[in-house]
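Here is a short report on a predicted model. Look at the sequence and the structure first, then read on.

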Amino acid sequence: MPSALINVPRKAKRGDIIEIKTLMSHIMETGYRHTVSGEVVPRDIVTSFVCRFNGTEIFRADLFPAISANPFFSFFTTVTESGKFDFEWTGDKGFSETASASISVE
Amino acid sequence: MDCSTRREFLALAGGAAVLAVTLRPAEATPAMLASAIRNVVGTAAVKTGKVKLEIPPLVENGNTVPMTVSVESPMAPEDHVKSIHVFNEKNPQPNIGNFYLSPQAGRAQVSTRIRLADSQKVVAIAKLSDGTFWSASVDVVVTLAACTEEVI
C-alpha cells in the first residue's frame, strides 16, 4: 500500500489556480502519551513537508505534535507550464518519504 | 452552617483542587502562547484582520480537527503572504504548524487536521511580504481531548 496519497489535477489551463491535496500515512506519536506502566511513549512525528514544482519550492510546512495522525494538507498554486510536483516528508527516527505527480498545462 | 463541617468542606475542596491541578497533564499556558508568538513576530505589532480561521466551534474528537486558514491577499510578487503560523493555548506545546507560501500560490489558503487537547483558543498569524502581521483567533469547545490520553 502506498504511504502517500496525492491529489493533483492531471490537466489545467495556463494561469489556473489549482488545489493540491496530500495525505501521508504516519502515526504522529506526540511524545506526551504514557503507557500503563508510566513510561513516556517517545515522540515520532513528521517534522517537515515540502512541495516543489519543477525543482522550485512552492509550499513548505513545519509540523508539530499538534498535527493529527496521517498528516493531511491542502494548498494552492498557479500553474504556468507543464511539469512535475515533488513532495517530500521528513521526520523523527530518520523518516523520509517522497512522492510526485505530473500536470499537463495547455 | 456548622463551623467544623465548613472547615471539613473547605479542606476537602482544597484537596480536590490540589488533586485536579496535579492530575492535569502538562499544558501550554497563555504565557507560553505569547512567547511562541513573540518568537515568530519579534517586536512587530500584530493586527487583527485579513486572516480567516475556520474550525468547527464544537468538536467531538480532538484527535482530528479540520482547520482551514485563509488570508486576504492578491498573492502578487510585490504583495503576498509569506507564511502562516498557527498556535494554541492549552496543548502541551503552543505550536501547531508553520506554513510557508510563495507568490505563485495564487490563493493564500491552507487546510490541515489538528489535535486539540482541551477546549481552547486557536490563533493564526499571517506574515505578509511588507513585514506586517495579521491574526485571527477562534474559541473551540472539545469534548474528547487529544494528545495526552493513555496508551491502552
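## An alternating strand

Along β2(B), which side chains point to one face and are buried, and which point to the other and are not? Val51(B) and Leu53(B) are the buried ones, and they share a face. Lys52(B) and Glu54(B) point to the other face and are not buried.

The neighbour of β2(B) is β4(B), residues 65-71. These two strands of chain B run antiparallel and are joined by 4 bridges. Two of the residues just named have bridge partners in β4(B): Val51(B) is matched with Val71(B), and Glu54(B) with Thr68(B).

## A sheet across two chains

The pair belongs to an open sheet of 6 strands. Its order is β1(A)-β3(A)-β6(A)-β7(B)-β4(B)-β2(B), with antiparallel pairing. Both chains therefore contribute strands to this sheet under the strand definition used here. At the edges lie β1 (4-7) of chain A and β2 (51-54) of chain B. Each of these edge strands pairs on one side only. From one strand to the next, the twist averages 15 degrees.

Where do the chains join within the sheet? β6(A) meets β7(B), residues 109-114, through 2 bridges. These strands, too, run antiparallel. Ser74(A) has Ser111(B) as its bridge partner in β7(B).

## The contact between chains

The contact draws on 27 residues of chain A and 31 residues of chain B. On the chain A side, β5 (56-63) and β6 (72-78) each supply at least two residues. The largest share comes from β6(A), with 7 residues. So the strand that bridges to β7(B) is also the one that gives the largest share of the chain A side.

By class, the side of chain A that touches chain B has 17 nonpolar residues. A further 7 are polar and 3 are charged.

## Chain A as a whole

Chain A has 0 helices and 8 strands. Its pattern along the sequence is β-β-β-β-β-β-β-β. Among contacts with a separation of 6 or more, 57% link residues 24 or more positions apart.

How does the radius of gyration of chain A stand against that of a compact globule of 106 residues? Chain A has 16 Å, whereas the globule would have a value near 13 Å. The C-alpha atoms fill a box of roughly 60 × 25 × 20 Å along the principal axes. Buried residues account for 31% of the 106 residues in chain A.

Methods. Residues numbered from 1 in each chain as written. Chains lettered and ligands numbered in written order. Predicted model: local features only at pLDDT ≥ 70, side-chain atom pairs only at ≥ 80, totals over all residues. Contact = placed C-beta atoms within 7 Å. Nonpolar A, V, L, I, M, F, W, Y, C, P; charged D, E, K, R; others polar. Pairing = 2+ DSSP bridges. Axes fitted to C-alpha atoms, helices over the stretch in contact; angles between N-to-C directions. Buried ≥ 20, exposed ≤ 12 C-beta atoms within 10 Å, placed from the backbone. Rg over C-alpha atoms; globule rule 2.2 N^0.38 Å.
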